[in-house]
Every structure is written in structure tokens, then in C-alpha cells.
Amino acid sequence: MATAAAQTPSLQALSAIAETPAATKVYAARDIITMDPVQPRAQAFAVRNGRFVAVGSRTDVTAAAGPDAELDQTFAGKVVVPGFIEPHVHPILAALTLGTQVIAIEDWDTVAGRSPAVRDAEGYRERLLHALAAQHQDVGGPFVTWGYHQGFHGDMSRAFLDSLMTAVPVVVWHRSCRELYLNSAALAQTGIDADLVAGLPASQRAHIDLEQGHVQAQGMIAVLDKLAPLLAPPERLRQGLELTERYYHRNGITLACEPGAVLSKPLQQAVNAAYSDSTTPFNHCFIADGKALAARHPPTSPGAAGALIDATRRLLSRGEGRTRYLPRQVKLYTDGAMYGASMQLQAGYADGREGSWIMEPTAFDAAFQAYWDAGYQIHVQAVGDGGLAVLLASLEQAMARNRREDHRTVLAHFGFAAPAQVARFAALGGIVSANPYWVEALAARYADLGIGEERAHSMVPMAEVLKHDLPFSFGSGMPMGPAKPLQLMYAAVNRLTGEGRIMGEAHKVPREAALRAVTLGAAHSIQQEDSIGSIEVGKRANLTILEANPLEVPSTWIKDIPVWGTMLEGRVQPAPPPPEEAAAAPAPQQQARPAAQGAAISR
């Protein structure tokens, strides 16, 4: 393999890595993919004080490392890539959902073990029934399940849940995390009733249907304090965070980031308790939730805008150890969710449905302009082309009024966009953070569910991003998708759905570009490219160690490449073993049949 001569430290790099004497180790591997355009491949690298001090051929790296360097064969026969970066996760949501009874449209590692996918209504109801029976027999207390999606699992209602269990609270948490269905016992226990709903603003009342037991969007936010005891008991949160720590490590993640971190200080401290200690196998950063901050501090005047920025800045002190807030970065939202099919589509839905707003356009624009003028990098979740239209209008206004270079406004999730919109966004200097897993999970089914065949093929339209040479990254939004960088690569490269269809062949992403999207591109999206994202002298020695080369195996194998482990700032970390499949529910068959026919399980 042809490689360039070893990189050697500059004086600036040496000042960072030579403050205290430390041992130098030289590592060789079967393949080393650096993501450095100057030297894309290498045979070896040297690490000292947690940073790369030489990269190149084995001979040149050994010479540059010096006679006292130790040769380490740990990665012999392995494939080394820059440490995977997940720029879009939600640790609290992931911990809470994966701590419930998970019955979802894809496989998940859960607190209880491996939960296999179910993508049909009959299979979902059978799994739900067995889980309810097991809860009734073995555990008792409220029952919460996550992963339901009406497009795969059929209709859901309060009456249906009451037919399965009467006295015990039952909550079905939608796959989107923004909707819930509650049985009568759950509504009674939480105190969500007609009197409570009548006292809410109209925009919130519109998203609570007591007859159906359905709470969503702004309505769910309005009653979240009532729901918290069911959805977020402390033990579930603790167990879930411990699970996500193993999950990220097992999938090769060396840095995760949450855009739109929760404002609750106790919840932040719970995350810190799980992730901040020195033994945590990854670093975790947070970006402030500008939506919630702007609701508390509406930027209706220059003075009010200043109060909003001050409140955002105060969050920087909340990180500890391996957790930290990124300065001068914020997350805003336009329209609704992909999984809930509530995004704003300019051409509308074929079935007459309407999308929803997470932030009303006027409130969004006021917050956007306030953060823009304060010099913030703004991450915007805009799922539909209607949501993107709102972002484009605000960005164009901001650039015309107060032009900024390298602002890196991020279009997060990137579900549906017209070609002209992507061209405008590129011209304005934006960047994209896409979730290609949506194609794998949803595109084929959404073709028949109000989106239509043509638009379903254009879900996550990466061809337009590549055409305009837009910088981009991939992020799962976990639990909006599995935080598995190799699966994100697989989804982008193949666009193969769970039904076995290729949706949007023109939007396939080349492999090397997909690998960049989970390494250097992801680092660029959160302004960390100077220290991580590629294997270069002076950068932190963060690596993901694979058993096969994702640029060489058949494309459909990418997601199944075993992750051997990671290196974090020079520390070698073999990955933990995968979880066992969750035990089958112990509900006897004779009890399953009557409940399936509508008989209630009561206590």
C-alpha cells in the first residue's frame, strides 16, 4: 500500500503534547483510513499524551516516534478509522424509552435485553398482549411501552387499551416520542381530565383528545409534569443511561452530542452522573435548547434578546468531566416529526392531514434573529419542505441584515426538501445534518401513507446535497434512529428499506462520503474539526476499530461489520459484548387468547 511519509509535529502541536513526559506508542493495522485529504491512508500512527504525534508508513512513524517508543500490536489485522462521532442524540429520551417494554419497528438493545422488530399490526398486538400479561403476573404497577407506529401497527385508542387492561395504568408511547395513548386508569392516575384540558390555551387543547386517550405535540408538553411519574421514574432513567453508555461504546462512538439538551438541571445532573466520570468510554457534549429558552425569555425587544442570550450562556457551567456544553451553539425547531408524520409539507398530504409546528414561524424567527445577532451557530430541526421554507426565510433575512461568514447554520434531520430550496440553502452558507436511517425505516411504508410514491423516493434527498457540495454529517437523533454510525452509512449508501425496496436510487451516497459524514463531517458540524474527526498529527487520538473495511466489503454488509472497540484520547477500549435477546413473555397461551378477543386483564 502506498503511503505518504510520516507527518511530524509542528512547533504548535508539540507545545500541546509535550508539556509532560509520557510514553509513546506506535500502532500498526491492516488498514488505516485517516479522512485526512493530504494523506488518506496510512500504515501506522504514534500516540503520546492522548494525541497523534506521527502518521504515515510504518518505517517513517517508527523513526518519528523515537527509539524509546513501544510498538503495540493490539490492532494488527484490524481496520482503524477516526473515532465515530454522533452529532445528534437525545440521552434522556433514549434512556427512558429503552427502559420500557420496547415493541418497535426495528431491533433495539433495551434494559431488558434484545427486543426484535415487529412491523405489522397482528404481530404488534400479540407482543403487546404478552407484555401486558407478563407485567400483570410478575411486576404489577403502571405499564409503559415504546415503539408503536400507526403506519405499521394499526390503530390505537383508549378504548382498545381499556379492553386489554382496566385497573392498571397503561401508556403506549409513540415511536416519535411526541405522542402518547393512555388508558382510563392512566388518565385517572395522572389527573389529565376535562377540567385540566379546559384550562389550557387553544393550541394545547387541540393536541389532547381525551376520548381517544391521545396526547401529542404541544398538548404533551402542557401535561408533561403530570406524565413524568409514569414516563421518567428515577430507576428507569438510571438503568437507561447505563444502557446507552454501553450502546454508544459497542457501536464505536467516541463523541456524542445532544442538540436541544433538556433545561432541567436535575436531569442534566443525572446525565452527568452517568457520563462524566473518567472511565466513560466517550465524550458527550450538549447544545442548548433555544426553543425552551425562548419560551421562557421571549426576545420581543433588544433587552429581552439580551436576557435570552444570558440565560443560554449560563448553561455552560452545567457540564462535568466528560460532559460539556458547546459555547455559542443553540438548537431551534420549525415543524413536526417524521415518525409522527406531522412535518409541514408544502404540497400537503394525500389523505388531507395537516402538519404541525413545534415553534410557530413568528416565534421561530424572533429566536433565530436574536441568536444570529449574538454570533451563535444555529442548529434547526426542519423536517418537511414547509419547515425548511421558514428556516430559509429567516436565514435570508439575517444574512441580508447582518451578514456572517462561516456561520454553519445546520439543517438538522433533513427529511423533505425541494431542489431549489437546497440550492438556496447552499448559497446562504448552510450545512446539513441528515438522518438517512429514515429511508430504511419509513420510506416504503410512507409511500402509501399520505406521502405518495414520488415524495417517498425523495426522502432525505442527498443527491441535492452532493450536487451543491454542501458539508454534511449523519446523526440518528437516537431514539429517532439507532445510534449506530455503520448503520447510518449503510442506509445512505444503499437506501434499502425494511421491505427490501430501494427508495431513491439517485440519492445514494458514495461510501467514502458516508464515512466522512460520521467522522470529520460530523466534527465540522459542531465546530470540533480542529481536534477530532480525522487521524492527523496534533489531534486527539480517538479511533474506532473495525473487523472489516467499510469501503471494501459489499455495501449491504456495512451495518454488520463488528466493532472491536475504540481508542479515546490514547486509551484502548475493547467493546462490551452485545445483550442477549429479552426473555419471551411468560404469559400462558390460554390467557393470551381471551385478551386478544377483547377480554380485559384487571387487578
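This is a short walk through a few parts of the structure above, starting with three strands and ending with one histidine.

Hi everyone. Before we start, please keep in mind that this is a predicted model.

Let's begin with strand 16, which covers residues 283-289. Is it mostly covered or mostly open? Mostly covered: seven of its seven residues are buried. Now look at what lies beside it. Strand 15, residues 253-261, runs parallel to strand 16, and six bridges join the two. Strand 17, residues 323-333, also runs parallel to strand 16, this time with five bridges.

A handy residue to click on here is Cys285. Its place is in strand 16, where it stands opposite Cys257. Cys285 also stands opposite Arg324, which belongs to strand 17. And how do we get from strand 15 to strand 16? The two strands, together with helix 13 (residues 265-275), make a β-α-β unit, and that unit is right-handed.

Next, the aromatic rings. How many aromatic pairs are there? The count comes to 16. One of them is Tyr148 with Tyr181, an edge-to-face pair with 5.9 Å from centre to centre and 90° between the planes. Tyr148 sits in strand 10 (residues 143-148) and Tyr181 in strand 12 (residues 179-182), so this pair ties together parts that are 33 residues apart in sequence. Both partners are buried: Tyr148 has a relative accessible area of 1%, and Tyr181 has one of 10%.

If you'd like a bigger group of rings, try Tyr27, Phe45, Phe52, Phe75 and Trp564, which ring pairs link into a cluster.

While we're on rings, two lysines deserve a look. Lys291 lies over the face of Tyr333, 5.3 Å from the ring centre. Lys559 does likewise with Tyr490, at 5.2 Å from the ring centre.

My last stop is His413, found in strand 19, residues 410-413. Is His413 buried or exposed? With a relative accessible area of 3%, His413 is buried. And which residues is it in contact with, leaving aside neighbours within four places in sequence? The list is His88, Gln381, Val383, Ser433, Ala434, Asn435, Trp438 and Gly477. One more distance for you: Val432 is 19 residues from His413 along the chain, and their C-alpha atoms are separated by 7.9 Å.

That's my tour. Thanks for listening, and do spin the model around yourselves!

Methods
Residues numbered from 1 in each chain as written. Predicted model: local features only at pLDDT ≥ 70, side-chain atom pairs only at ≥ 80, totals over all residues. Heavy atoms only, no water. Buried < 20%, exposed > 50% of the residue type's maximum accessible area, 1.4 Å probe, protein only. Helix = DSSP H or I, 4+ residues; strand = E, 2+ residues; numbered from the N terminus. Pairing = 2+ DSSP bridges. Right-handed = clockwise from strand over helix to strand, strands pointing away. Phe/Tyr/Trp six-rings, centres within 6.5 Å; stacked < 30°, edge-to-face > 60°. Lys NZ or Arg CZ within 6 Å of the ring centre and 35° of its normal. Contact = heavy atoms within 4.5 Å.
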